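Here is a briefing on helix packing. Look over the sequence and model first.

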Amino acid sequence: MRRSLNEKLISFLGAATLICLAVLLQVSFPVLPSVFGARAFLIIPFVVCGAMYKGEFYGTAFGIFAGAVWDSVSPLPDGILALTLGVVGFTVALLSKKYMRRVLRTSALFTVLGSLAVVSLMVAYYAFGCGFESISPMLGSYYIPCVFYTLVVNVPVYYIYRFFFASRAKDGRILNS
């Protein structure tokens, strides 16, 4: 059954609102407490889950938009996070549509891979700017805990997206594939 244009628009605006909320919460004030000095990357699970449930075009658009807003407050060069999250969104949407099911394990895998991609960019940027000896303590005490903390945050984000945007059968059951 085809969905009407109004249903698609409402669904798109709902997913875009969730990503805007994640960007706002990550860059403006800390909502989640820091664990061992590390903060979660809230934007990555929202982009990953949005891409899983909305498709390639929307996943890429959400990734570029969220990355561009994150770029505006990040010390990294402009466009790096937008490009990275756009590629992550497209890859997640393509792989979850063609080869993988839309389950929590898939979301967790792509959240970790997306977090590692962003952490790798940050480590490379700071390593070339500050030297390799100053980045190794930050890698173990800040960046790696950020990846694990982001993985923990992924669980409620996945269930929020699953509740609002998953395909449903006529009897109300959620279809995973």
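**Helix pair α2 and α3**

Helix α2 (residues 43-54) packs on helix α3 (residues 56-73) at about 165°, with axes 8 Å apart. Axes are lines fitted to C-alpha atoms over the stretch in contact, and angles run from 0 to 180 degrees between N-to-C directions. The pair is therefore roughly antiparallel (over 145 degrees). The model is predicted: local features need pLDDT of at least 70, side-chain atom pairs count only at pLDDT 80 or more, and totals for chains, interfaces and linings use all residues. Residues are numbered from 1 along each chain as its sequence is written, and side-chain values use heavy atoms, without hydrogens and water.

- The contact (heavy atoms within 4.5 Å) takes in I43, I44, V47, A51 and K54 of α2 and Y58, G59, F62, G63, A66 and W70 of α3.
- By class, this contact has eight nonpolar, two polar and one charged residues.

**Helix pair α4 and α5**

- Helix α4 (residues 80-98) and α5 pack at about 160°, with axes 11 Å apart.
- α4 and α5 are therefore roughly antiparallel to each other.
- The contact includes I80, L81, T84 and L85 of α4, and F110, G114 and A117 of α5.
- Ten nonpolar, two polar and no charged residues make up the contact of α4 with α5.

**Helix α5 itself**

- The 27 residues of α5 (residues 104-130) should span 39 Å at 1.5 Å a residue, and the end C-alpha atoms are 37 Å apart, which agrees.
- Buried residues of α5 (under 20% relative accessible area, 1.4 Å probe, protein chains only) include F110, G114 and V118.
- G131, just after α5, takes a positive phi of about 105°.

How values were computed
Helix = DSSP H or I, 4+ residues; strand = E, 2+ residues; numbered from the N terminus. Expected span 1.5 Å × (residues − 1). Buried < 20%, exposed > 50% of the residue type's maximum accessible area, 1.4 Å probe, protein only. Parallel < 35°, antiparallel > 145°, perpendicular 65-115°, else oblique. Nonpolar A, V, L, I, M, F, W, Y, C, P; charged D, E, K, R; others polar.
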